[in-house]
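Please open the structure in the viewer and keep the sequence panel visible. The tour proceeds by selections, each followed by a description of what is found there.

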Amino acid sequence: CLERRPYQSATPAAPTPYVKPATASGPASPIQQASGRFVAPQQARVEAVAARILEKNRQLGLNPRFEVVPGSERKMLRQGDRIVQLSEGLVDACVRDEQLAALLALELGRMASQRQAERPGDDERLPPMEVPIGGPDGGGFGPQLRQAEMAKLGLDRRRPASNPVANAEDIARQVLTRAGYPPTEVEPAKTLLAQ
């Protein structure tokens, strides 16, 4: 008849939740990159290196977004100071993170150099409006008058000449040094872009 059995639960175990893989097995297709379903391994690598560089170089005042675009050719394009696009082929050509950092630093150096060149220097200021020098009778003489005239025009013998625009490669070396990367990677990065 009826046998006594201990009570057992018949509910199945809950399915394991989906875990997003850390890296994909191959390069992402353009559709997958555009849909944002997963981050291509190249994009994750670029974001990690860029975050380190930008964190240590805040004084530049630059914060572009680095994007990886599909393509086997080695290209780097910039849209103003906001977006820098690197091709997958260029990111894949960087065997080490130091090479990738040098590429990003070169572009940041170009941005900073261009920004400095566009900023008007002290020598490009317009002279002030007509300011009378001397007394009401037009008097005045000697070195004091000469100093006043030079000051009116914005010229000062004691002031050094304005600084020339910094070289983009020198800025890139400084950026790499601050971020903890070797500054000697700039030259190989230039040849990598030229290929």
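Buried residues make up 28% of the 195 residues in the protein chain. The model shown is a predicted one.

**The whole chain.** Select the protein chain and display it as a cartoon. It contains 7 helices and 3 strands. Followed along the sequence, these elements occur in the pattern α-α-β-β-β-α-α-α-α-α. Of the contacts in the chain with a separation of 6 or more, 57% join residues that lie 24 or more positions apart.

**The nonpolar core.** Next, select Ile53, Phe66, Leu86 and Leu108 and show their side chains. These are the residues with the most contacts inside the largest nonpolar core, which has 34 residues. Two or more residues of this core come from each of α2 (41-56), β1 (65-69), β3 (83-87), α3 (88-93), α4 (97-118), α6 (168-179) and α7 (186-194). Which element gives the most to this core? It is α4, with 10 residues.

**Ile53 and its partners.** Keep Ile53 selected and add the residues that it touches beyond its neighbours within four places in sequence. These are Ala101, Leu104, Leu108, Val175, Ala179 and Tyr181.

**The pair α4 and α6.** Now hide everything except α4 (97-118) and α6 (168-179). Two packed helices are described by the angle between their axes and the distance between the axes. Here, the axes of α4 and α6 come within 7 Å and cross at roughly 125°. The two helices, α4 and α6, are therefore oblique to each other. Their crossing is right-handed.

To see the contact itself, select two groups of residues:

- on α4: Ala101, Ala102, Ala105, Leu106, Leu108, Gly109, Arg110, Ala112 and Ser113;
- on α6: Ala168, Glu169, Ile171, Ala172, Val175 and Leu176.

Colour the two groups by residue class. The contact of α4 with α6 has 11 nonpolar, 2 polar and 2 charged residues.

**Ser113.** Finally, centre the view on Ser113, which is found in helix α4 and takes part in the contact with α6. Is Ser113 buried or exposed? Its relative accessibility is 14%, so Ser113 counts as buried, the limit for that class being under 20%. Then add Ala166 to the selection and draw a distance between the two C-alpha atoms. Ser113 and Ala166 are 5.9 Å apart in space, C-alpha to C-alpha, although 53 residues apart in sequence.

Key
Residues are numbered from 1 along each chain as its sequence is written. This is a predicted model: local features need pLDDT of at least 70, side-chain atom pairs count only at pLDDT 80 or more; totals for chains, interfaces and linings use all residues. Side-chain values use heavy atoms; hydrogens and water are left out. A nonpolar core is a set of buried Ala, Val, Leu, Ile, Met, Phe, Trp, Tyr and Cys residues joined through side-chain atoms within 4.5 Å. Buried means under 20% relative accessible area, exposed over 50%, partly exposed in between (1.4 Å probe, protein chains only). Helices (H or I, at least four residues) and strands (E, at least two) are DSSP runs, numbered from the N terminus. Contact means heavy atoms within 4.5 Å. Axes are lines fitted to C-alpha atoms, for helices over the stretch in contact, and angles run from 0 to 180 degrees between N-to-C directions. Angles under 35 degrees count as roughly parallel, over 145 as roughly antiparallel, 65 to 115 as roughly perpendicular and the rest as oblique. A crossing is left-handed if the near helix is turned anticlockwise from the far one by less than a right angle, and right-handed if clockwise. Ala, Val, Leu, Ile, Met, Phe, Trp, Tyr, Cys and Pro count as nonpolar, Asp, Glu, Lys and Arg as charged, and the others, Gly among them, as polar.
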